[in-house]
Amino acid sequence: MAGPDAATILDLEDRRFQAMTANDLVTLDRLIADDLRFVHSNGTVEDKAEFLRKLRAGERRYVAYRALTREVRQEGGFSFVFGEADAEIERPGGGIRTRMTYTAIYRNAPTPRLFAWHSVKSPTP
């Protein structure tokens, strides 16, 4: 059975980035899987509850998130996005501007939702 097309997955990813910068927790809750594993570029690992809690509490605020390059591949019941993005994030300890290389994995059924995210800081050009 074929999964969603690349345009559908990239639309979901764009909506998720928009929800992150708007701190729209209702939309984020719908777009990410309950068993999410989110690995930040600094190595911090969070599940869905902790990821949303930090946003709700203001411990992290995404000011900007802009995808630079993305490629979608599918295997089994998953869609993989390999990309690079610029992010601006505010935390109590100060702001961060970073470019990152990431892999986003969407579980396709019953509806596509972000299952896993892993990012690393990109080398400075």
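**Exercise 1: Lys48 and its surroundings**

Work out where Lys48 sits, which residues it touches, not counting those up to four places away in sequence, and whether it is buried or exposed.

*Solution.* Keep in mind that you're looking at a predicted model.

- Step 1: Leave out residues up to four places away in sequence, and you'll find that Lys48 touches Asp29, Ile32, Ala33, Asp34, Leu36 and Arg113.
- Step 2: Now find its place in the fold: Lys48 belongs to helix H3.
- Step 3: Check the relative accessible area of Lys48, which is 6%. Buried means under 20%, so Lys48 is buried.
- Step 4: Zoom out to the helix. H3 covers residues 48-57 and lies across E1, E2, E3 and E6. Its direction is at about 95° to E2.

**Exercise 2: Reading the sheet**

Find the order of the six strands in the open sheet, and say which strands stand at the edges.

*Solution.*

- Step 1: Go across the sheet and write down the strands: E2-E1-E6-E5-E4-E3, with mixed pairing.
- Step 2: Look for strands with a single partner. These are E2 (45-47) and E3 (61-75), so each has one side left without a neighbour in the sheet.
- Step 3: How are neighbouring strands turned against each other? On average by 20°, if you ignore direction.
- Step 4: Pick one pair to inspect. E4 (residues 78-91) and E5 (residues 94-107) run antiparallel and are joined by 14 bridges. One residue to try is Phe82, whose bridge partner in E5 is Thr103.
- Step 5: Recall what does the joining: strands in a sheet pair through hydrogen bonds of the backbone, in a parallel or an antiparallel way.
- Step 6: Add a helix to your sketch. H1 (residues 6-22) lies across E1 (32-39), E3, E4, E5 and E6 (113-121), and it runs at about 165° to E3.

**Exercise 3: A pair of rings**

Decide how the rings of Phe38 and Trp117 are arranged, and where in the chain the two residues lie.

*Solution.*

- Step 1: Searching the whole structure gives 11 aromatic pairs. One of them is Phe38 with Trp117, at 5.6 Å centre to centre and 15° between the planes.
- Step 2: Planes under 30 degrees apart count as stacked, so this pair is stacked.
- Step 3: Place both residues. Phe38 is in strand E1 and Trp117 in strand E6, 79 residues apart, so the pair links distant parts of the chain.
- Step 4: Are they buried or exposed? Phe38 has 2% relative accessibility, so it counts as buried. Trp117 is also buried, at 2%.
- Step 5: Widen the view: Phe38 and Trp117 belong to one aromatic cluster along with Phe17, Phe51, Tyr62, Tyr65 and Tyr102.

Technical notes:
Residues numbered from 1 in each chain as written. Predicted model: local features only at pLDDT ≥ 70, side-chain atom pairs only at ≥ 80, totals over all residues. Heavy atoms only, no water. Pairing = 2+ DSSP bridges. Axes fitted to C-alpha atoms, helices over the stretch in contact; angles between N-to-C directions. Contact = heavy atoms within 4.5 Å. Phe/Tyr/Trp six-rings, centres within 6.5 Å; stacked < 30°, edge-to-face > 60°. Buried < 20%, exposed > 50% of the residue type's maximum accessible area, 1.4 Å probe, protein only.
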